[in-house]
Number of protein chains: 2
Amino acid sequence: MNQSSGLVVESLKELSQVLVPKTQRGKLTLEKILNAAEVEFGEKGFHEGSITGIAYRAGIAQGTFYLYFKCKEDVLRELVLYINRTIRSLLSESVINIEDRLEAERVGLRTFLNYIQEHPHLYRILQESQFVDPEVHKAYYMSFAQGYQEALGVAVEKESIRKGQLESWSWAIMGMMHFIGQRYIVWGGTHSSEDTLDEVVDSIIDLLKNGLKK
Amino acid sequence: MNQSSGLVVESLKELSQVLVPKTQRGKLTLEKILNAAEVEFGEKGFHEGSITGIAYRAGIAQGTFYLYFKCKEDVLRELVLYINRTIRSLLSESVINIEDRLEAERVGLRTFLNYIQEHPHLYRILQESQFVDPEVHKAYYMSFAQGYQEALGVAVEKESIRKGQLESWSWAIMGMMHFIGQRYIVWGGTHSSEDTLDEVVDSIIDLLKNGLKK
């Protein structure tokens, strides 16, 4: 990662509103609260979800909640920052030894789809944050796009892909991944053509690699 | 449009919960309510928006509202169905005389971006419907994807584009369009590379046409 991406990650951290605990016990309680909020918001949605519900699921007194967060908006924000860290590190690890960018895209797409399959609550929370906390939602995607653009830049230098307007390409590719996740994981169900998920991924990478031109 | 797409459009209509007015005056009142709801939900969001606010903006008594809708959820649903009809018909009209599919994609993307630039409230409402009325949100995109897939199918037959798994390609392309709209219209602001919107559109169509392969 170059300096600019470091700055984005730094500014993402600065968005956090959590009162960071100093003791190990405090860290465990914070983790319990975040796990509980993931289920509470994921199942009920942000507006129906409540601090009472989060405290109950975490097995803590409601007063304890306020040692860490001022309001439920702050918990949502912390969850979005957590998803950003988690997905970025999962993606980085999954493609670390892959030289070819298009192969990295394939593995990255599969990793992303697995993540939202395993964490449907978190993915819903990330999407809903758009209407609760537009600032953190935008920061999530801006930071993601910047990392993506840098990765494409490296691939251009290595001549693994062709040159282009990498910023808009990054957004386009992220959009492809998002809608594929929405259609085949979040909505799931049978595909009209009964393709497996691997076939879907192959078809997307083929589109990304070769385009539509005959 | 072939028979299957007709069925989707039919089932979309069936989702409507509005009590359809029989008189011309009733139709005008309904239109006032929908226009008012567009502003109310668009400015305040669905949860903060209220029937009182809609009635006030529409210049009608609150009792009149209930002649057309049972609740604000039903208004949101009607707006999503309205957006679906409007965008689909705008897109169809804009590409009607264009033989080449990739040129149609360019014009379609530009039409779509213009639409969300001119109707930011409606686009926000469409996105927020995901958390208020998942059924109509999903139906919106399923019907859109089906129309898209059919259009790609026609292009394959005309040998305007190559063959592929058209269902997943449709979703991927819709995702590209959505994220480009989110980044360059909804979030707007300066682009890091100071590209104009036309340059962004060109770059996306180039990616879609030729892919990333060197």
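## A salt bridge across the interface

In this predicted model, the side chains of A:Arg183 and B:Glu167 come together in a salt bridge at 3.7 Å, N to O, the term being used for a side-chain nitrogen of Lys or Arg within 4 Å of a carboxyl oxygen of Asp or Glu. Between chain A and chain B the count is four salt bridges, and there are also 24 residue pairs in polar contact, both residues at pLDDT 80 or more; a polar contact is a pair of N or O atoms within 3.5 Å, where within protein one must be able to donate a hydrogen and the other to accept it, and residues adjacent in sequence count only if both atoms are side-chain atoms.

## Helices and residue classes

On the side of chain A that touches chain B, α7 (120-132), α8 (134-157), α9 (166-186) and α10 (197-210) each supply at least two residues, helices being DSSP runs of H or I with at least four residues, numbered from the N terminus. The most is given by α9(A), with 15 residues. By class, this side of chain A has 20 nonpolar, 14 polar and 13 charged residues, with Asp, Glu, Lys and Arg counted as charged, Ala, Val, Leu, Ile, Met, Phe, Trp, Tyr, Cys and Pro as nonpolar, and the others, Gly among them, as polar.

## Extent of the contact

The contact (heavy atoms within 4.5 Å) takes 47 residues from chain A and 47 residues from chain B. The two chains bury about 5000 Å² between them, 64% of it on carbon and sulfur atoms, where buried area is the accessible area (1.4 Å probe) lost on putting two parts together, summed over both. In chain A, A:Phe179, A:Trp187 and A:Leu212 lose the most area to chain B, together 17% of what that side buries.

## Conventions

Residues are numbered from 1 along each chain as its sequence is written, and chains are lettered from A in the order in which they are written. Local features need pLDDT of at least 70 and side-chain atom pairs count only at pLDDT 80 or more, while totals for chains, interfaces and linings use all residues; side-chain values use heavy atoms, with hydrogens and water left out.
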